[in-house]
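Colleague: I'm new to reading helices in a model. Could you walk me through it?

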Amino acid sequence: MGMVPATHYLALGAVLFVIGVAGFIVRRNVITMFMSVELMLNAVNLTFLAYARTWNQVDAHIFVFFVMTVAAAEAAVGLALILGLDRHSQTLDIDSADKLQG
Amino acid sequence: MEQIVFYVFAAVAVGSALLVVLQQRAVYSAFSLIVCFGALAVLYFQLGAALVAALQVIVYAGAIMVLFLFVIMLLDPQAERFGPDRFKKTALAGLPMAAFLAFVLLRVFPAWSPRGSGEPIGSVEGPKRIAHILFQDYLLPFEVTSILILVAILGAVVLVKHRPD
């Protein structure tokens, strides 16, 4: 049984991050776009932990905790904003939320 | 053994991440995302981060996704129609991202692979050591985070509060 090299974890993190970016750009539903952002955050967490094992440092675990905390706060505020958007314009399509467009 | 677990769960993670992006209904995307988070938790455990893996299941797959499902079921979003300009949008997003991914995977990794020992941390990282670092070296960021959460709670309450016009 061999160890999986850290580069494979990093490659997986890059793939997940790119899927998240593509989803954020392609999808027009605000909730799905938001879930793509969560996917990107998780890809970054995976990268952090891969480096934590490579350099035998626990500090990256702490950063993952902070990322999770910020993600939780972001989810609470972001979903409240989505509720406000739905109440205001009765739609979840991001293209129709163009009130601020000059 | 580690290789088998890695490749199986990496495939699950990538597949469910693709489903998050490709499903038309937001509920299915949310369930796919939960599967993705579960697979990632297994990989975190393999990287010696047992505590992070547990928090991943509890906080991400549990709390945050329950919040998502709540909002999805509250708002009942319509299935997204992929219009005729879908392929234009996909190309717009896909080509730069594909170029970026190809660059990262082909060029950066072999040349810039980590120079660390690559050995696994002796045992599964204990919560004790993490707590030591968190509450000594990172005490100030920890306290700032608590203020952040307080502000987030207040912001969410203010945003959702119904204001009769």
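Modeller: Let's take one helix, then a helix pair.

This is a predicted model, where local features need pLDDT of at least 70, side-chain atom pairs count only at pLDDT 80 or more, and totals for chains, interfaces and linings use all residues. Residues are numbered from 1 along each chain as written, chains are lettered from A in the order written, and side-chain values use heavy atoms, without hydrogens and water.

Colleague: Which residues of H1(B) are buried?

Modeller: An α-helix has 3.6 residues a turn, so residues three or four places apart point the same way. Helices are DSSP runs (H or I, at least four residues), numbered from the N terminus. In H1(B), the buried ones (under 20% relative accessible area, 1.4 Å probe, protein chains only; exposed is over 50%) include Val5(B), Phe6(B), Ala13(B) and Val20(B). The buried residues cover an arc of only 145 degrees around the axis (using directions from the axis to the C-beta atoms), so they sit on the same side of H1(B). The face turned away carries exposed Ile4(B) and Ala11(B).

Colleague: What do the buried residues of H1(B) pack against?

Modeller: They pack against H1 (6-26) and H2 (30-55) of chain A, together with H2 (26-46) of chain B.

Colleague: And how do I read a helix pair?

Modeller: Two packed helices are described by the angle between their axes and the distance between the axes. Axes are lines fitted to C-alpha atoms over the stretch in contact (heavy atoms within 4.5 Å), and angles run from 0 to 180 degrees between N-to-C directions. H1(A) and H2(A) pack at about 165 degrees, axes 8 Å apart. That makes H1(A) roughly antiparallel (over 145 degrees) to H2(A).

Key: Helices (H or I, at least four residues) and strands (E, at least two) are DSSP runs, numbered from the N terminus. Angles under 35 degrees count as roughly parallel, over 145 as roughly antiparallel, 65 to 115 as roughly perpendicular and the rest as oblique.
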